[in-house]
Amino acid sequence: MPRVAIIGSGLIGRAWAMVFARAGWDAAMYDAVEGVASKALGLAAEGLNELAKHGLVDDPKGAAARVRAAKSVADALDGASYVQENVPETLEAKRAIFAELDRLAAPDAILASSSSAIVPSLFSENLAGRARCLVAHPVNPPHLVPIVELLGAPWTAPETIARAKQVYESINQVPIIVRREIEGFILNRLQGALLAEAFRLVGEGYVSPQDLDKTIKDGLGLRWSFMGPFATIELNAPGGIADYCARYTGFYKRLQAKPASLDVFDDANVGNILKEWGKQAMPEQLAELTRWRDQRLAALAAHKKAQPSP
Ligand SMILES: NC(=O)c1ccc[n+]([C@@H]2O[C@H](COP(=O)([O-])OP(=O)(O)OC[C@H]3O[C@@H](n4cnc5c(N)ncnc54)[C@H](O)[C@@H]3O)[C@@H](O)[C@H]2O)c1
């Protein structure tokens, strides 16, 4: 069995353990805080049982048995050909753990960071093994949302990216390649553009936040769960993408001439949005909503698995 070392066993680390283990890998989870990795074992087992209810794992007990808690970084790395790092999102933490991983991991092991926003050149530049380092950014929760953004530094070997892509495909994730470093990678740049406009439209009183959410969940988002914006516009004009652009880009140019300003994210506008949103969810309600979201995502993942793309 191939072995993965999961470094940092919080929200994302334990989900990665589930993803690798359900695909047949042995996964060793390590966490710097005593007791966290062993608690994560139970949470991963529960998560695998939930996945099984939706047909998303055949043998949840077998998968859970392939996950273990490691006593140290070196113990987690024992026999690992792949490392998925999930420590907190600070440059200092990433630099320190990557220096340790590069020192201790097998020479041919790939070192992948789950970082949401830190480009790999910032924490791998001075490492002897910098050619084997990359960012592999998942979306929460990675056991239900399969996209992984792969991003190398200028010195990351092309074979590292190619091998990482193969690994994620083999564990049923959907890797994409970010061809060169850019802040926010791809997913969060798209999300940021949408949020900026949403904050402007609600903040300036054009629409309520609830109606704006409906525009996505009962409008654009229905298509987006199985096709992206390019595939969408290809079908929105009889002559495909070129025809769509000829018809509609003048309109989009007018909209983009006045983009949302930076102050949509300032306290005053955030205050307007919170007032309109109208409810301050308690932690237990947020936990309940998270469970509901994960169940819906699991049902959607099962549907997508049964209806592969053309
Ligand atoms: N939460 C998300 O939505 C999300 C999504 C995508 C990517 N990420 C990225 O994943 C990474 C982890 O985020 P998270 O949400 O799981 O955070 P988290 O706080 O839930 O987990 C981080 C864990 O790392 C442990 N830790 C700290 N220092 C460590 C060290 N030196 N060695 C081993 N363990 C250590 C902590 O004890 C903690 O359990 C971050 O880089 C984050 O940006 C998070």
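The legends below walk through several close-up views of a predicted model.

**View 1. Strand E1 sits between two parallel partners, E2 and E4.**
Start with strand E1, which covers residues 3-7. This strand is mostly covered, with 4 of its 5 residues buried. It pairs with E2 in the parallel sense, over 5 bridges. Strand E4 (residues 82-85) also runs parallel to E1, and 4 bridges join the two. Ala5 is a handy residue to look for: its bridge partner in E2 is Ala28, and its bridge partner in E4 is Val83.

**View 2. A right-handed crossover links E1 to E2.**
Now follow the chain onward from E1. The path goes through helix H1 to reach E2, giving a right-handed β-α-β crossover. The two strands that the crossover connects pair in the parallel sense.

**View 3. Helix H2 has a buried side and exposed residues opposite.**
Helix H2 runs from residue 36 to residue 53. With 18 residues at 1.5 Å each, H2 should span 26 Å, and the distance of 26 Å between its end C-alpha atoms agrees with that. Ala37, Ala40, Ala44, Gly47, Leu48 and Leu51 are the buried residues to find in H2. These residues lie on the same side of H2, because they cover an arc of only 105° around the axis. As a general guide, an α-helix has 3.6 residues a turn, so residues three or four places apart point the same way. Look to the other side of H2 and you will find Lys39, Glu46 and Lys53 exposed. The buried residues of H2 pack against H1, E2, helix H3 (60-65) and strand E3 (67-69). Just after the helix comes Gly55, with a positive phi near 70°.

**View 4. The largest nonpolar core brings together 34 residues.**
Good landmarks here are Ile6, Trp16, Phe20, Tyr82, Leu134 and Tyr168, the residues with the most contacts inside this core. Several elements give two or more residues to the core, among them E1, H1, E2, H2 and H7. H1 supplies the largest share, 6 residues. Apart from this core lies another one, of 26 residues, including Ala5, Ala70, Leu77 and Val178. Nonpolar side chains tend to be buried together in soluble globular proteins.

**View 5. A cis peptide bond joins Asn140 to Pro141.**
This close-up shows the loop between strand E6 (133-138) and strand E7 (147-152), where Pro141 lies. The omega of the bond from Asn140 to Pro141 is near -5°. For background, most peptide bonds are trans.

**View 6. Asn172 and Phe185 each have a positive phi.**
Most residues other than glycine have a negative phi, and this view shows two residues with a positive one. Asn172, with phi near 70°, is in the loop between helix H7 (158-170) and strand E8 (174-178). Phe185, whose phi is about 50°, is found in the loop between E8 and helix H8 (187-203). Is each of these residues buried or exposed? Asn172 is exposed, with a relative accessible area of 57%. Phe185, by contrast, is buried, with a relative accessible area of 0%.

Note on methods. Residues numbered from 1 in each chain as written. Predicted model: local features only at pLDDT ≥ 70, side-chain atom pairs only at ≥ 80, totals over all residues. Heavy atoms only, no water. Buried < 20%, exposed > 50% of the residue type's maximum accessible area, 1.4 Å probe, protein only. Core = buried A, V, L, I, M, F, W, Y, C linked by side-chain atoms within 4.5 Å. Expected span 1.5 Å × (residues − 1). Arc of directions from axis to C-beta. Contact = heavy atoms within 4.5 Å. Pairing = 2+ DSSP bridges. Right-handed = clockwise from strand over helix to strand, strands pointing away.
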